[in-house]
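Subject: Structure for you to look at

Hello,

I am handing over the structure we talked about. Please look through it first; my notes on what was found follow below.

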Amino acid sequence: MVRARARARATVRALETFANVTREPRPRGSVRTRGSTRLRERVPDAQKKGLSAEEKRTRMMEIFFETKDVFQLKDLEKIAPKEKGITAMSVKEVLQSLVDDGMVDCERIGTSNYYWAFPSKALHARKRKLEVLESQLAEGSQKQAHLQKSIEKAKIGRQDTEERTMLLKELASLRNQREQCKAEVEKYKECDPQVVEEIRQANKVAKEAANRWTDNIFAIKSWAKRKFGFEESKIDKTFGIPEDFDYID
């Protein structure tokens, strides 16, 4: 465990050197504990009301930024409830979400996981995000300018002249006539040769199906008479088969 702690310290010092991060002086009255810099004692406002998920993430990041130290989960489960009002049961979930989003670094040393996050990394992440947004803004502005040019070009020859006004009225009238003609044609849709042919084919299929079932019923009646000696009239009466039951011509 001592060796793992030493390796963690060495990793942190290397990262701090690379990021050019300087430790702020400990505030008066703060207490140095095992593997962490304790924050100033205060009563969190969150004790009066619950924190949202985003508020928990923000306060968890404050612990890392204010201390610039490396923590184990058990350290954060002690510090977060007291200093930031984050319940101990939700510390692991909040911490994992920050790791998944790349806001907190995690490294396994031995059998323990160590977590850290430096302001310099967050600053670089914001800069990259800003660059992406600026690129998207420039692309959107360019697209808007292109569309505006297309609109101005499309307006050429479409000025509100007397001739254009008359043509638009005529176009509206023709469109209205077309709709009326379509409604009139719809009334006689049943007389459409194509529709009539479709109906004829549907009737043919239905007729074949009906005769096929009729044949099945006659076959069952014949089997019942041979197997059980039933009279045909008794079978028809029992199963509600009408006397004129026959094939469809």
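What percentage of the residues in the chain is buried? Of the 249 residues, 23% are buried. Please keep in mind that this is a predicted model.

Overall layout

The chain has 8 helices and 4 strands. From the start of the sequence to its end, these elements come in the order α-β-β-α-α-α-β-β-α-α-α-α. If contacts are restricted to residues at least 6 apart in sequence, 65% of them connect residues at least 24 apart. The exposed area of the chain is about 19400 Å², and 55% of that area comes from carbon and sulfur atoms.

Helix packing

Two helix pairs are worth going through, and both involve α4. Two packed helices are described by the angle between their axes and by the distance between those axes.

For helix α3 (residues 73-84) against helix α4 (residues 88-100), the angle is about 120° and the axes are 9 Å apart. At that angle α3 is oblique to α4. The crossing of α3 and α4 is right-handed. On the α3 side, the contact is made by Leu 73, Leu 76, Glu 77, Ala 80 and Pro 81. On the α4 side, it is made by Ala 88, Val 91, Lys 92 and Leu 95.

Helix α2 (residues 53-67) also packs with α4, at an angle of about 80° and with the axes 10 Å apart. The two helices, α2 and α4, are therefore roughly perpendicular to each other. From α2, the residues involved are Lys 56, Arg 57, Met 60, Met 61 and Phe 64. They meet Ser 90, Val 91, Val 94, Leu 95, Ser 97 and Leu 98 of α4. Val 91 and Leu 95 of α4 appear in the contact with α3 and again in the contact with α2.

Aromatic pairs

How many aromatic pairs does a search of the whole structure find? The search gives 5. One of the pairs joins Phe 218 and Tyr 247: the ring centres are 5.5 Å apart and the planes are at 55°, so the pair counts as tilted. Phe 218 belongs to helix α7 (residues 193-228), while Tyr 247 is in the segment after α8 (232-238), so this pair ties together parts that are 29 residues apart in sequence. Both rings belong to partly exposed residues: the relative accessible area is 27% for Phe 218 and 36% for Tyr 247.

Phe 228 and Phe 230 form an aromatic pair that is stacked, with 5.5 Å from centre to centre and 20° between the planes. These two residues are also partly exposed, Phe 228 at 48% relative accessibility and Phe 230 at 39%.

There is also a cluster, in which ring pairs link Phe 218, Phe 245 and Tyr 247.

A lysine in α7

Is Lys 221 of helix α7 buried or exposed? Lys 221 has a relative accessible area of 6%, which is under the 20% cut-off, so this lysine counts as buried. Leaving aside residues up to four places away in sequence, Lys 221 touches Glu 232, Ile 235, Asp 236 and Ile 241. Glu 232, Ile 235 and Asp 236 fall within the residue range of α8 (232-238).

Best regards

How values were computed: Residues are numbered from 1 along each chain as its sequence is written. This is a predicted model: local features need pLDDT of at least 70, side-chain atom pairs count only at pLDDT 80 or more; totals for chains, interfaces and linings use all residues. Side-chain values use heavy atoms; hydrogens and water are left out. Buried means under 20% relative accessible area, exposed over 50%, partly exposed in between (1.4 Å probe, protein chains only). Contact means heavy atoms within 4.5 Å. Accessible areas come from the Shrake-Rupley method with a 1.4 Å probe; for residues, only the protein chains shown count as cover. Rings of Phe, Tyr and Trp (its six-membered ring) pair if their centres lie within 6.5 Å; planes under 30 degrees apart count as stacked, over 60 as edge-to-face and the rest as tilted. Axes are lines fitted to C-alpha atoms, for helices over the stretch in contact, and angles run from 0 to 180 degrees between N-to-C directions. Angles under 35 degrees count as roughly parallel, over 145 as roughly antiparallel, 65 to 115 as roughly perpendicular and the rest as oblique. A crossing is left-handed if the near helix is turned anticlockwise from the far one by less than a right angle, and right-handed if clockwise.
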